[in-house]
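Colleague: I am new to reading structures, and I would love some help. Could you walk me through how you reach your conclusions?

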Amino acid sequence: DEADDDVLYVLMEVRSETDYVRHHAQKVIGLFAAMRQFGETLAKAGHRVEHIRISDARNRHSFSDNLPWLIKEFKFTRLEYMEADEWRVEQALNEAFAASGLPNVVVSAEHFLLERVDAVERFAKKVPRMEFFYRDLRRRFRIMVDADDKPLGGKWNYDVLNREKWLGDPPAPVWPWNKRDLHELWSEIQAAGVETMGEPSDRAFGWPLNQTEAKAWLDDFIAHRLRFFGRFQDALSEHSTTLFHAGLSFALNTKMLHPCEVIDAVVSALERGDCDLPAAEGFVRQILGWREYVRGIYWARMPAYGRLNILGAKRTLPAWYWNADTRMACLHSAIRQSLELGYAHHIQRLMVTGNFALIAGCDPDEVDRWYLGIYIDAFEWVELPNTRGMSQFADGGIVGSKPYAASASYIARQSDHCKTCYYNHR
Ligand code: FAD
């Protein structure tokens, strides 16, 4: 958009955001680095930008404490904020803005297919099953449907083809890690006293930090992994941390990539013959289906949803969730890689760490805090329904129709972990 001298963009790196849960070091580094690049891009395009850094002496470290001095210093006459993704943040912004006494307005985040009001309306009374919600969105946005609104290929769902174990063939491609030196930013974060977990990887930081890099990650996924995504979607392996997954959740959740951009790229690959229909459908289902679905549930059911504990689970999460110090091979592997990368793929989150916490009866508040902290893509709107709902069944079946509770036979069937495990899976 054209620069306007009457408009000031404000970005804040505040302790209220770094401290509400203990985050993975790469998550804090990645978010601040991406914010800084975004601020610089706006400034280069001629916009006025005020970026309050974590080390800024003026920083009062929350929205409500920074806003009064900003209003005074810059003589604001009107405030606007982009719809927050988390309930907690929206509350904080609402309070801060209301206290300002200035006219204010909330604008759409424009980063989902459904507007939030539309999503909330769909989930307000009854939660539809994901499958029907997804079909409806396929028809509404005309994605892989024919002129009569029938699914391409005649079926809506190719999940039965997506259950293969991975034995090393085809080889799993390495993700296009960027490896840049961010140790100065990491020192600044540490000097501010922010407490984190996991490896900072500050001298070889890998995740994408702007739209160009995020687009390169998307292109890399389409070229090298999409065609195998569906087949090995449910696989687990000692020999690959990332298999054929996209690694796009951080870029999507921080709005460096738009979900439509990702869906369009997949549909184009299908049209070019670069992947088959089950692969394309399996992937589109994650973005158009699951991602939009959990967001709808979150906004329709918060804040009560965040307190649900239908199974009355009370046990403390074992200490080795924080250091991977367990002889169970699958859990060691999933937790160690989470600490190293700030990432584990869906089946590791659901059927390894989540499954264990569920069958051990761990307190969903603790489980939620762990998931919300450890993953680079973790923001409450998506983390909470996946953890408390899909994985821990603490919502009594709002997100999923059954608890994902499995014995080690499942792990032995889907992975190679049990072969090297200290324990006998039987
Ligand atoms: P891929 O497997 O390649 O999938 C592609 C994309 O589909 C993802 O990037 C994501 O945007 C979307 N997607 C896939 N599954 C889901 C889902 N169940 N819900 C919403 N979107 C989905 N996802 C997050 O983005 N943030 C979280 O904090 C988060 N917490 C989770 C906690 C638990 C206990 C579980 C079981 C799942 C969680 N997920 C979360 C969903 C999913 O595991 C991640 O989106 C996925 O692992 C991200 O990696 P990827 O980009 O390689 O995904």
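Modeller: Gladly! This is a predicted model. Let's begin with helix α5, residues 116-124, whose buried residues are R116, A119 and F123.

Colleague: What makes you say that these residues are on the same side of α5?

Modeller: They cover an arc of only 65° around the axis, so they sit on the same side of α5. There is a general pattern behind this: an α-helix has 3.6 residues a turn, so residues three or four places apart point the same way.

Colleague: Which exposed residues are on the face of α5 turned away from its buried side?

Modeller: That face carries V117 and E121. The buried residues of α5, for their part, pack against α4 (87-100), α6 and α12.

Colleague: Now the cysteines. Why is there no bond between the sulfurs of C418 and C421?

Modeller: A disulfide needs two cysteine sulfur atoms within 2.5 Å. The sulfur of C418 is 6.2 Å from its closest cysteine sulfur, in C421, so the two are too far apart for a bond. C421 is in no disulfide either, and the structure holds zero disulfides.

Colleague: Why is C418 called buried, and what is C421 called?

Modeller: Buried means under 20% relative accessible area, and partly exposed runs from there up to 50%. C418 has 18%, so C418 is buried. C421 has 21%, so C421 counts as partly exposed.

Colleague: What is notable about phi in H61?

Modeller: Phi of H61 is near 70°, a positive value, and H61 is not a glycine. Most residues other than glycine have a negative phi. You will find H61 in the loop between β2 (48-52) and α3 (63-74). Its relative accessible area is 22%, so H61 is partly exposed.

Colleague: And how does R142 look, in phi and in accessibility?

Modeller: R142 also has a positive phi, about 55°, although it is not a glycine. R142 lies in the loop between α6 and α7. With a relative accessible area of 45%, R142 is partly exposed, because exposed would need over 50%.

Colleague: Which peptide bond involving P170 is cis, and which one involving P303?

Modeller: The cis bond at P170 joins it to D169, with omega about 0°. The other runs from M302 to P303, with omega near 5°. In general, most peptide bonds are trans. P170 is in the loop between α6 (130-140) and α7 (183-191), while P303 is in the loop between α12 (277-301) and α13 (329-341).

Methods:
Residues are numbered from 1 along each chain as its sequence is written. This is a predicted model: local features need pLDDT of at least 70, side-chain atom pairs count only at pLDDT 80 or more; totals for chains, interfaces and linings use all residues. Side-chain values use heavy atoms; hydrogens and water are left out. Buried means under 20% relative accessible area, exposed over 50%, partly exposed in between (1.4 Å probe, protein chains only). Helices (H or I, at least four residues) and strands (E, at least two) are DSSP runs, numbered from the N terminus. The arc is that of the directions from the helix axis to the C-beta atoms. Contact means heavy atoms within 4.5 Å.
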